[in-house]
Amino acid sequence: MTSLPLDWLQSDRRRLRVDQSAIGDRVYEFLTALCALVVPALVVAIAVAIFAAAWPAFARLGLSIVTTSDWDVRGGHFGAAPALFGTLVSSAVALIIATPLAIGVAIFLSEFSPSWLRQPVGFLVDLLAAIPSVVYGLWGIFVLIPMLRQQVMPFLRDGLHLGATPFFSGPAYGPSMLAAGLILAVMALPYISAVSREVLMAVPRSQREAALALGATRWETIRDAVVPYAKSGIIGGIMLGLGRALGETMAVTMVIGNRPEISASLFAPGYTMASLIANEFSEATNDLHVSALMAVGAVLFVITLIVNAVARWLVWRVSRVRAR
Amino acid sequence: MKTARSRHVVSGVMIGLTYLAAILATLPLVLILVHLIAKGASSLSLAFFTHMPRPVGESGGGMANAIVGTLILIGVASLIGLPIGIGAGLHLAEKRTTPLAYTVRFLSDVLNGLPSIVIGISAWEFLVRPVGHFSALAGGVALGTMMVPLVTRTTEEMLLVVPTSLREAALALGYPKWRTSIAVVLRTALAGIATGALVAVARIAGETAPLLFTAIGNQFWSTSLREPIAALPLQIFAYATGPYDEWHRLAWAGALVLITIILIISIAARFATRSRFGAPVD
């Protein structure tokens, strides 16, 4: 092998090339870093825009925005307590319905499904997340609500005699907290089940084999050896679904009835923070009204931020254990 | 003490319940698709794609302006979301453990989890309020903002799948780092990144809430970025919540078109990855 002549290595041309690539590297690194910086910049910009716009309302009305329930644009009263209540209750109803189903599907897909069913069922459940909110709303208005009004609500109230409790009493209009909760359950389900499936699949085989070897049945293996191992990840998935449900706008606006009242009955129409903004924002007449709606947006921002951060942290904890 | 028999019965019942959960979870999707086809297909005709909406009371008419509007909005959003997202993904894949990378990763999850209506009102604050009128541009920017975190995370994931040996081989051949990243690593992961891009497009194509106060909708033909623009989701919302049967019919047809577009993109995305990444790369 001949060694490279020294003068070639030191030639101007060669040096120029090295310099060029160094410049190229620097430009490349600068540009990609700039793109990466856009992400934090967007989050900061959104936060600043909303809190700045909400400031006049907070300064003038203080916490009465979330603690009082009188929303009177002309009189200058902006109490969004019913919307806050509706957001929390509709999301809670959604989680109560979606969680067992989603975890059931996740266990089915990770443990029991025949291999030929795994892909298609997983794909169908994932597709639920691809259906636009407005299509859920359309289906809610013309299919779900008539069904609730004519069959489900009378059955729950009179057939099962649940009308005696405050939660299922009153007239069955159709548009209601129950309708919103059901639609949100379907919308949150794919998020919960996707995360749960992933953390269940990350549970080591040895965990299952050990339980089976000790004589546990297949169900006991799941209950005592697999689910506890994946627990915080599953809770993270539930929180992620909660984050989706809290901020969901269109489908809820279309089926909840948009009435700013606090009622114990799930049959009664309600309101959510997102649907309040959706309904009033483009018709907001004065600056305080806009600012009050921005304040509602700011509250929603903070709530979803906290829920999502906790969710990510829980999922991250599981994946860290797995990496070790 | 429980007998072995009863324990096995319980086990069988619980396993049966997970099967039931799988059926119940796929049921809504099937129901929604069946209703969409049953109620939407009969209203679909060539006129639906080529005609403008008719005034109230007249039957017929289509959503040509809304279909074109949606395509324009997707285009604007992609012009913003794809380059930024891919660039940020490249950065994250190469600088995996810097404080900036951790921050960007966390904040892109935060951005991804923000309610779309919150993104809508902040876009209004930046792009509509100062100008004084609604615009397609504001709608496109709001949708682009939603795309950025989606594209960033899938790009990063796809780049991490590329074997290090490929990168090392290119560097050993004297390729500068930036050419290695673009001509070797990015190219190898291109199919996966395209999939991520398609998934992001499918996700934003049906978004309504960010457009309510930005693009706002338009009854007339408009392709200008500075004017309000029609969009399929907005039109479906307006028609579905309106009082006329004719509108409801059009809403179903519009929803069928929208979901068809989204399903085609989603399925295409799924097959694009399966063919490249489903089989182990040698």
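H161(A) is found in the loop between α6 (133-159) and α7 (177-202) of chain A. The model is a predicted one. The phi angle of H161(A) is near 60°, a positive value in a residue that is not glycine. Is H161(A) buried or exposed? It counts as exposed, because H161(A) has 10 C-beta neighbours inside 10 Å, and a residue with 12 or fewer is classed that way.

Now take a second loop. N258(A) is found between α10 (250-255) and α11 of chain A. Phi of N258(A) is near 50°. This too is a positive value in a residue other than glycine. The surroundings of N258(A) are counted in the same manner. N258(A) has 20 other C-beta atoms within 10 Å, so N258(A) is buried. The cut-off for buried is 20 or more.

The loop of N258(A) leads to helix α11 of chain A. This helix covers residues 273-280. How many of its 8 residues are buried? The count is 6, and the helix is mostly covered. The buried residues of α11(A) are M273(A), A274(A), S275(A), L276(A), I277(A) and A278(A).

Step back to the whole of chain A. It has 12 helices and 2 strands. From the N terminus, three helices come before the two strands, and the rest of the elements are helices. Of the 324 residues of chain A, 48% count as buried. The C-alpha trace spans about 95 × 65 × 35 Å along its principal axes. Chain A has a radius of gyration of 27 Å, whereas a compact globule of 324 residues would have one near 20 Å. Look also at contacts between residues at least 6 apart in sequence. In chain A, 77% of these join residues at least 24 apart.

One pair of helices shows such packing in detail. Helix α4 of chain A holds residues 81-112, and helix α9 of chain A holds residues 218-247. Their axes come within 9 Å and cross at roughly 140°. α4(A) and α9(A) are therefore oblique to each other. The crossing of α4(A) past α9(A) is right-handed. Which residues of α4(A) meet α9(A)? Among them are T87(A), S91(A), A94(A), L95(A) and A98(A). On the α9(A) side, the partners include I234(A), I238(A), G241(A) and L242(A). The residues of this contact divide into 11 nonpolar, 4 polar and 1 charged.

Here a general point helps. An α-helix has 3.6 residues a turn, so residues three or four places apart point the same way.

Chain B has a helix pair to set beside this one. α3(B) and α9(B) pack at an angle of about 140°, with their axes 10 Å apart. They are therefore oblique to each other. α3(B) passes α9(B) in a right-handed crossing. In α3(B), I74(B), A77(B) and S78(B) are among the residues that meet α9(B). In α9(B), the residues met include I193(B), A197(B) and V201(B). By class, this contact has 10 nonpolar, 3 polar and no charged residues.

Finally, the two chains touch. The contact takes 73 residues from chain B and 68 residues from chain A. Which helix gives the most to the side of chain B that touches chain A? It is α1(B), with 18 residues. Other helices that each supply at least two residues include α3 (64-94), α6 (136-161) and α11 (245-278) of chain B. The residues on this side of chain B divide into 47 nonpolar, 20 polar and 6 charged.

Terms used. Residues numbered from 1 in each chain as written. Chains lettered and ligands numbered in written order. Predicted model: local features only at pLDDT ≥ 70, side-chain atom pairs only at ≥ 80, totals over all residues. Helix = DSSP H or I, 4+ residues; strand = E, 2+ residues; numbered from the N terminus. Rg over C-alpha atoms; globule rule 2.2 N^0.38 Å. Contact = placed C-beta atoms within 7 Å. Nonpolar A, V, L, I, M, F, W, Y, C, P; charged D, E, K, R; others polar. Axes fitted to C-alpha atoms, helices over the stretch in contact; angles between N-to-C directions. Parallel < 35°, antiparallel > 145°, perpendicular 65-115°, else oblique. Left-handed = near helix turned anticlockwise from the far one by under 90°.
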